[in-house]
Amino acid sequence: MPLILVQRTLAIVGLGCVLGAADSWLRPTVITLKDNASAPRSEPAPTTPSRSAAARGMPAQTTTPEPAPALSDKATKTPDATSAASLGLMIDAKAAKALFDQGVVFLDARIQPEFDAGHVPQAFLLNSTMFGTPAADDAMKVLDANAPVVIYCGGGDCDASKNVAILLQQAGFKQIHIIEKGFPEWKELGYPIETAADRTNAGGKP
Amino acid sequence: MSRLRHSVLFLCRIAIAALFLFAAWQKLKPGGELIVDSGPQKFAMAIHSFKILPEHLVHLAAGVIPWLEVLCAVLVLVGVWTRAAATVLSLLMIGFTAAVVSVLLRQMSLTCGCFGNLTLLCPKGVMGWCKVGENALILIPCVLVAVLGGGWLDLDRLRMSNATRNT
């Protein structure tokens, strides 16, 4: 009897492998852990509301919910729907800068001290450990799930962005982009950076 | 006593099948126009974030595990090769639990990627020790069926009793 059990167990595992291989072969999207993850072969053209609409009332980088940041003229521009939608999951800092210029919301998935030391201007701190807290719940209420968002962390082996991306996906967000090499690449290219002190000097709001 | 035992085992089979079919669907559902919303992609990313398997094994696990869950759930439900299917599911649960424990011991903040938006016992979001307890709870019916068989309407048992009667 135990021998039959072992044989049947192995047979089930074998059949599972065959089914998995067949599914991978037939599925129109390709699983990838690095670049342009699971982008459908035909590109969608969804609408992309602006950062001003998406971020209105968004809690800030602290765990205490705060009112929305005062958005600059640049931030109220309507993002280019086509360019945001045509990008894959993983993007580089140059593509992120283009989205930044279009007013797309940026989320910083790092920890508070790193965020305070320097972040993308008007970015919001939202890491996976914050999910389930009132601050994150409030953030999810005010962020627009139909608008594109860009997430970044420390780059390299940092998976914080992916974790936040998964949580946002579960919350219904449809256009998520991750800066593959994270904040270091953004900084290296000389793009604008804001520190906690800058925000405080600007009026104490994020 | 035997009736109670068969009833409990039958209910265990129904619960296991429903749970694993749902979990498998979450891992297999197509993503439509969403960038990272396809089940396999999310599951692969979840496995990858555990930092336990090398990338090629992440692809293999993301492809095979959901179909193993479907196959075993169907077999357990209809009562064919019930004990073997429950054994595979038990092994899967042990593997999942070991992975969760490993993540917790390394103090990583990760989500599970197990049941999509459904939360069974543990709060939504980052995994904690609650997830280990939840997995242990799911493991119990799997082990019961693997050790004791399928109970009522188990085709394996019915076939075996017919064979015994004929001889």
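**Close-up views of a predicted two-chain model**

**View 1. K51(B) is partly exposed, as 15 other C-beta atoms lie within 10 Å.** This is a predicted model, and that goes for every view below. Look for K51(B) in the loop that runs between α2 and α3 of chain B. The backbone does something worth a second look there: phi of K51(B) is near 55°, a positive value in a residue other than glycine. For context, most residues other than glycine have a negative phi.

**View 2. Q122(A) is another non-glycine residue with a positive phi, here near 70°.** You'll find Q122(A) in chain A, in the loop between α5 (112–117) and β3. Is Q122(A) buried or exposed? Q122(A) counts as buried because 22 other C-beta atoms sit within 10 Å of its own, and the cut-off for that label is 20 or more.

**View 3. Chain A carries an open sheet of five strands with parallel pairing.** Going across the sheet, the order is β1-β5-β4-β2-β3. The edges are β1 (90–91) and β3 (124–125), each of which pairs on one side only. Zoom in on β2 (residues 105–108) and you can trace its links: two bridges tie β2(A) to β3(A), running parallel, and four bridges tie β2(A) to β4(A), also parallel. On the β3(A) side, L107(A) sits opposite F124(A). On the β4(A) side, F106(A) has V150(A) as its bridge partner.

**View 4. Strand β4(A) has buried side chains pointing both ways.** V149(A) and I151(A) point one way, V150(A) and Y152(A) the other, and all of them are buried. Besides its pairing with β2(A), β4(A) pairs with β5(A) in the parallel sense over three bridges. Which residue of β5(A) stands opposite V150(A)? That's H177(A).

**View 5. Helix α7(A) lies across three strands of the chain A sheet.** The helix covers residues 160–170 and lies across β2, β4 (149–152) and β5 (176–179). Its direction makes an angle of about 175° with β5(A). For the bigger picture, chain A has nine helices and five strands, arranged along the sequence as α-α-α-β-α-β-α-β-α-β-α-β-α-α. Of its 206 residues, 41% count as buried. Take the contacts in chain A between residues at least 6 apart in sequence: 74% of them join residues at least 24 apart.

**View 6. Helix α7(A) also packs against α2 of chain B.** The partner helix spans residues 39–49, and the two pack at an angle of about 145° with their axes 10 Å apart. The crossing is left-handed. From α7(A), the residues that meet the other chain are K162(A), N163(A), I166(A) and Q169(A). An α-helix has 3.6 residues a turn, so residues three or four places apart point the same way. On the α2(B) side, the residues they meet are K42(B), M45(B), A46(B) and S49(B).

**View 7. The largest nonpolar core has 85 residues.** The residues with the most contacts inside this core are L107(A), V149(A), I151(A), C72(B), A85(B) and L89(B). Which helix gives the most to the core? That would be α3 of chain B (residues 55–78), with 11 residues. Now centre on C72(B): leaving aside its neighbours within four places in sequence, C72(B) touches I12(A), F20(B), A85(B), V88(B) and L89(B).

**View 8. Helix α3(B) has 24 residues and ends just before G79(B).** From first C-alpha to last, the helix reaches 35 Å, close to the 34 Å you'd expect at 1.5 Å a residue. Just after the helix, G79(B) takes a positive phi of about 85°. Chain B as a whole has six helices and zero strands. Of the 167 residues in chain B, 45% are buried. Residues 24 or more positions apart make up 66% of the chain B contacts with a separation of 6 or more.

**View 9. F22(B) sits in helix α1 of chain B, residues 2–28.** F22(B) counts as partly exposed because it has 14 C-beta neighbours inside 10 Å. What separates the C-alpha atoms of F22(B) and A73(B) in space? The two residues are 51 apart along the chain, yet their C-alpha atoms are separated by 9.7 Å.

Definitions and conventions
Residues are numbered from 1 along each chain as its sequence is written. Chains are lettered from A and ligands numbered from 1 in the order in which they are written. This is a predicted model: local features need pLDDT of at least 70, side-chain atom pairs count only at pLDDT 80 or more; totals for chains, interfaces and linings use all residues. Two strands pair if DSSP finds at least two bridges between them. Two residues are in contact if their C-beta atoms, placed from the backbone, lie within 7 Å. Axes are lines fitted to C-alpha atoms, for helices over the stretch in contact, and angles run from 0 to 180 degrees between N-to-C directions. A nonpolar core is a set of buried Ala, Val, Leu, Ile, Met, Phe, Trp, Tyr and Cys residues joined through C-beta atoms within 7 Å. A residue is buried if 20 or more other C-beta atoms lie within 10 Å of its own, exposed if 12 or fewer, and partly exposed in between; C-beta atoms are placed from the backbone. The expected span of a helix is 1.5 Å times one less than its number of residues. A crossing is left-handed if the near helix is turned anticlockwise from the far one by less than a right angle, and right-handed if clockwise.
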